[in-house]
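Reader: Could you walk me through this protein? I'm new to this, so let's take it one question at a time.

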Amino acid sequence: MSEHLLEVKNLQTNFATGTGIVQAVRGIDLHVDSGEFLGIVGESGCGKSVTMLSIMRLLADNAAVRADKLEFNGKDLLAENEKAMKKLRGNEIGMIFQDPMTSLNPLYTVGTQLMEPLKLHQKLKKKEAKEKAIEMLRIVGINEPEKRINQYPHEMSGGMRQRVMIAIAMCCDPKILIADEPTTALDVTIQAQIMELMQDLKERFSTSVILITHDLGVIAQVCTRVVVMYGGLVMEEGSLDQIFYETKHPYTKGLLESVPRDAELEDGVYEKQKLKPIPGSPPDLMNPPKGCPFAARCQYAMKICNMAPAELTTVSEGHRAACWLLHPQAAARNKEV
Ligand code: SF4
């Protein structure tokens, strides 16, 4: 049995389409421990959301998911039948999606949507489910929850709807919460409030959290460990400090440089720095490159980078990166090819 709460080894997810096979996730390893706040970061299309949907087994029929290991709390998720997965989802694994307006059903009150998992998974009677739903709305910071429970999603602001989504995801006290870009559709002040709320709830319920985002600023606020994905592969992983201050992978460096920041000119005087985007665009995963997926955009690319992808190399305890620059014989191997 795995020592981790969630352990994924060599996960591969392909989608069959009319024009070919899209290799969205191409063999990634990751793990989450109890009480951990893990951030998964990368550009759109890098495979981070597909990874999470593969773990939840929530993909369409044209998806094929393979893994050497996909274990959650001692259960082999690939071997579980759909009935068992339904029990796990919402009960032991909670999920918050990107857009609270489309994730909530506009035809039902928030109370009905909040009471549903409580009745289904926790077998609560209607009255108990209503009491728990009101309590959850209060916990996530919704004023007058007794009144709000009877409202429809369109009667609430974006921030309130996301709070309701968090209440739904947390109401059955899951062991792990997967939050897929939970703040993207919200303005900056609400984003900060939602991240603060998620951190409070993580402490209160001792839940592990996986936060999927393209925003390193959000990662810096709350995460303890970070996985950087690109082209369906893991490029770098490490603690928050290792990723931010001991960065090893050129893609991670590019992501960090593209975060908007102010430069201090003199004491207390700041100037907005120009954004430094990463030139080029992500690889076509229908025809992924043979070598490093970042080679076409990397200023340090060598010949070998186009020949084979670099394996994840341990840089220090808990810190790994997949870059040929870290290979002790990179220069020699580069001459060979
Ligand atoms: Fe750049 Fe090569 Fe490292 Fe890829 S393996 S990030 S192309 S140096």
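Author: Sure, and keep in mind that we're looking at a predicted model. Let's begin with the largest pocket: α4 gives the most to its lining, with six residues. Other elements that each supply at least two residues are α2, β7 and α7. So that you can find the top contributor in the sequence, α4 covers residues 110-121.

Reader: Which residues lie nearest the centre of the largest pocket?

Author: The pocket has about 790 Å³ of space, and 25 residues line it. By class, that lining has 12 nonpolar, eight polar and five charged residues. The ones nearest the centre are Gly-90, Glu-116, Pro-117, His-121 and Ile-168.

Reader: Now the open sheet of eight strands: which strands stand at its edges?

Author: Follow the order, which is β7-β8-β9-β3-β10-β11-β15-β14, with mixed pairing. Each edge strand has a single partner, so one side of it is left without a neighbour in the sheet. Neighbouring strands in this sheet are turned by 20° against each other on average, direction ignored. The strands at the edges are β7 and β14.

Reader: In that sheet, do β3 and β10 run parallel or antiparallel?

Author: Look at residues 37-41 for β3 and residues 225-230 for β10; four bridges join the two strands. As a landmark, Leu-38 stands opposite Arg-225 in β10. The two strands run parallel.

Reader: What angle does helix α11 make with β10?

Author: Helix α11 takes in residues 250-257 and lies across β3, β10 and β11. Its direction relative to β10 comes out at about 105°.

Reader: Which strand does β1 join through a hairpin?

Author: β1 covers residues 6-17 and pairs with β5 in the antiparallel sense over four bridges, where Glu-7 has Glu-71 as its bridge partner. β1 also runs antiparallel to β4, again with four bridges, and there Thr-13 is partnered by Val-65. The hairpin goes through two residues, and 10 bridges join β1 to the strand on its other side, where Asn-14 is matched with Gln-23. That strand is β2.

Reader: How many charged residues are there in the lining of the largest cavity?

Author: Two cavities of 30 Å³ or more turn up here, and the largest has about 90 Å³ of space. Of the 14 residues lining it, the closest to its centre are Cys-292, Cys-298, Cys-305, Cys-323 and Trp-324. By class there are 13 nonpolar and one polar, and the number of charged residues is none: there are no charged residues.

Reader: And what is the volume of the second largest cavity?

Author: Its lining includes Glu-43, Tyr-230 and Leu-285. By class, that lining has five nonpolar, three polar and one charged residues. The volume is about 40 Å³.

Reader: Last one: how many residues apart in sequence are the parts that the Glu-92 and Lys-75 pair ties together?

Author: The structure holds 15 salt bridges, and one of them is between Glu-92 and Lys-75, with the closest N and O atoms 3.2 Å apart. Glu-92 lies in the loop between α2 and β7, while Lys-75 is in strand β6, so the pair ties together parts whose separation in sequence is 17 residues.

Definitions and conventions. Residues are numbered from 1 along each chain as its sequence is written. This is a predicted model: local features need pLDDT of at least 70, side-chain atom pairs count only at pLDDT 80 or more; totals for chains, interfaces and linings use all residues. Side-chain values use heavy atoms; hydrogens and water are left out. On a 1 Å grid over the protein atoms alone, a cavity is a set of points where a 1.4 Å probe fits but cannot get out, and a pocket is an open set with protein on both sides within 12 Å along at least five of seven lines; lining residues have an atom within 4 Å of a point. Grid points are joined across faces, edges and corners, and a volume is the space filled by probe spheres set on the points. Ala, Val, Leu, Ile, Met, Phe, Trp, Tyr, Cys and Pro count as nonpolar, Asp, Glu, Lys and Arg as charged, and the others, Gly among them, as polar. Two strands pair if DSSP finds at least two bridges between them. Axes are lines fitted to C-alpha atoms, for helices over the stretch in contact, and angles run from 0 to 180 degrees between N-to-C directions. Contact means heavy atoms within 4.5 Å. A salt bridge is a side-chain nitrogen of Lys or Arg within 4 Å of a carboxyl oxygen of Asp or Glu.
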